[in-house]
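Biologist: I'd like to learn how to read a two-chain model. Could you walk me through one?

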Amino acid sequence: MELSEHLFRRESGRLVAALVRIFGVHNLALAEDVVQDAFCRALEVWKVRGLPDNPAAWLMSVAKHRALDIVRREQTARTFAAELSRTLQSEWTLVPAIEEAFAWSTIRDEQLRMMFSCCDPRLSEEVQVALVLNILCGFGAAEIASAFLTSRAAMEKRIARGKKSLASSARLFDLADAEFGPRLSAVRRALYLLFNEGYHGASAEDAVRVELCREAMRQTMLLLESPLTASPETLALAALMHLHAAKLPARVDAEGDLSPLLEQDRSRWDQQLVQQGLTLLDRSAAGPAVSPFHVEAAIAAVHATAAGVEETDWGTIVDLYDRLMGLARSPIVALNRAIALGQRDGPEQGLVALSAIADAERLRSYPFYHAAFGEFEWRCQHHRAAHGYFSAALRLARNTAERRFLERRVRQCDDRETQPVVVAYSPDSEKSSGAQRGRK
Amino acid sequence: MSQFLYLYRMTETARQEAMGSPERAQQNMQRWMAWMSDLDKKGHLKDRGQPLERTGKVIRGQQKTVTDGPFTEAKDLVGGFTLVEARDIDQAVELSRGCPVLDGGGSVEVRPIMKMDM
């Protein structure tokens, strides 16, 4: 029998949630110790006796017994969850209370409360995301550090800071709290950041990044399990993630190189995720409010349903970006809008739109800002200018994949510059060049 | 065929590192299970042995003084044992090279079981 992939990591978040229900969030470290202990036991026992029939249930049962043992033994020395203090003191109610904490629906609710607690606005967003990854998704500090290209020590510090703040609160966030609405927005924002980190982030390893996307989706789907948190905006976020995730299999081409949207082999897009995304997007249209997630999901839906770059409805995409600018103006949105506009109206207009981005300062260190100029200059046949932009982008590349991709672009410009001036470049080949270029 | 005892030893920090995150713990376990089943398939596994708790007592000397574990003063803790069958000590050593305890900087002590058939 094979152990399912990431079982420990996935069970970790669930077990910690159940144990925190019993011990209280001030004993978060104790809960984590118990989970760690369960994994150690699993290692020792399973390697000798083989896998149990239901590994997840086995782990849960070890954690449950250990919790019972700790509560009995340390009843006087420690205070446990305030919400259960009476229940835990009596042997009559202790065992049922612990059983109840490990029930499927309790674990789900406790995971949600934990998620809401991690996304405390008093913590910076980077700490929030790190906490979600560590406590709910079960990633270790070293793993998170490698995904975010920071040092392990820095990440350990960041997580410790967040946990200290968590553990100092009397209890986990109550979903009936008056702050529920704004906190739900913070949760969605953190999950959105987490997904984006996986999708566009700096980590070199594709496997790491795909895992971040998957985790963001898993946590978002958890929000959809409870009617309290499954609002239209959450549905739109889930739709957005599904529609983007559908493209992940095509993001790296056959040679292992980064493949931008316009050049992707669309037959490799995951049609099941596209369908799920479209269904979620339909469901998200339930209320009157249109959030940035709705608009972003709508843009992703136009891409996901287009047969190719040529067939893409760039007009609608530009309109949607205009709408997004009205809802959530940012330099990145403006950049994407300018790129879409260039697709609709031609590369010259694309360059005009790129140059008109307000607040472009904030894009200076983003390689694909310079690369966008490079692409449009190239299509205007200004190969020398394109060369300059791609070289600038290359200097800012954050990992090997980006570097290789941009090096290829620079090389193409080099080839053009050294070639004789007469280059057959009909408008027709210009139009399809987006899909051809970059393939040898 | 002769029998050999494998004694697995590891420092506490190495053990914690190997179990450092759920993902690492799972990988570590999968390596152990793969190694054990490989020994088994090749017919070398005599007894899978037993895992040992990390706690216990030590009774020492004529005074029979009893001290508590965990044995923090010991550099390497014995974490478990396995009984294998091999042609000779060289083969037993060779077989132990795949043991995952080594990846974490731990050790396998290979001890021939004394033959009593004389």
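Modeller: Let's go through the contact between chains, then a core, then chain B. This is a predicted model, where local features need pLDDT of at least 70, side-chain atom pairs count only at pLDDT 80 or more, and totals for chains, interfaces and linings use all residues. Residues are numbered from 1 along each chain as its sequence is written, while chains are lettered from A and ligands numbered from 1 in the order in which they are written.

Biologist: How many residues does each chain bring to the contact?

Modeller: Two residues are in contact if their C-beta atoms, placed from the backbone, lie within 7 Å. Here chain A brings 21 residues and chain B brings 19 residues. On the chain A side, helices H1 (7-23), H2 (28-49) and H8 (141-147) each supply at least two residues, and H2(A) gives the most, with 10 residues. Helices are DSSP runs (H or I, at least four residues), strands likewise (E, at least two), numbered from the N terminus.

Biologist: At what angle do H2(A) and H2(B) pack?

Modeller: Axes are lines fitted to C-alpha atoms, for helices over the stretch in contact, and angles run from 0 to 180 degrees between N-to-C directions. H2(A) and H2(B), residues 22-41 of chain B, pack at about 10°, with axes 9 Å apart. That makes the two helices roughly parallel (angles under 35 degrees). Among the residues that meet are A:Phe39, A:Leu43 and A:Trp46 from H2(A), and B:Met29, B:Trp32 and B:Met36 from H2(B).

Biologist: Which residues touch the most other members of the largest nonpolar core?

Modeller: Such a core is a set of buried Ala, Val, Leu, Ile, Met, Phe, Trp, Tyr and Cys residues joined through C-beta atoms within 7 Å. Buried means 20 or more other C-beta atoms within 10 Å of a residue's own, again placed from the backbone. The largest core has 138 residues, and A:Leu19, A:Val20, A:Ile22, A:Val132, A:Ala297 and A:Ala372 touch the most other members. H2(A) gives the most to this core, with 10 residues. Domain 1 (1-102) and domain 2 (364-436) of chain A both contribute, so the core lies between them; domain bounds come from an automatic or database assignment.

Biologist: What pattern does chain B follow along the sequence?

Modeller: Chain B reads β-α-α-β-β-β-β-α-β, with 3 helices and 6 strands. Its C-alpha atoms fill a box of roughly 45 × 40 × 20 Å along the principal axes. Of its 118 residues, 22% are buried.

Note on methods
Buried ≥ 20, exposed ≤ 12 C-beta atoms within 10 Å, placed from the backbone. Parallel < 35°, antiparallel > 145°, perpendicular 65-115°, else oblique.
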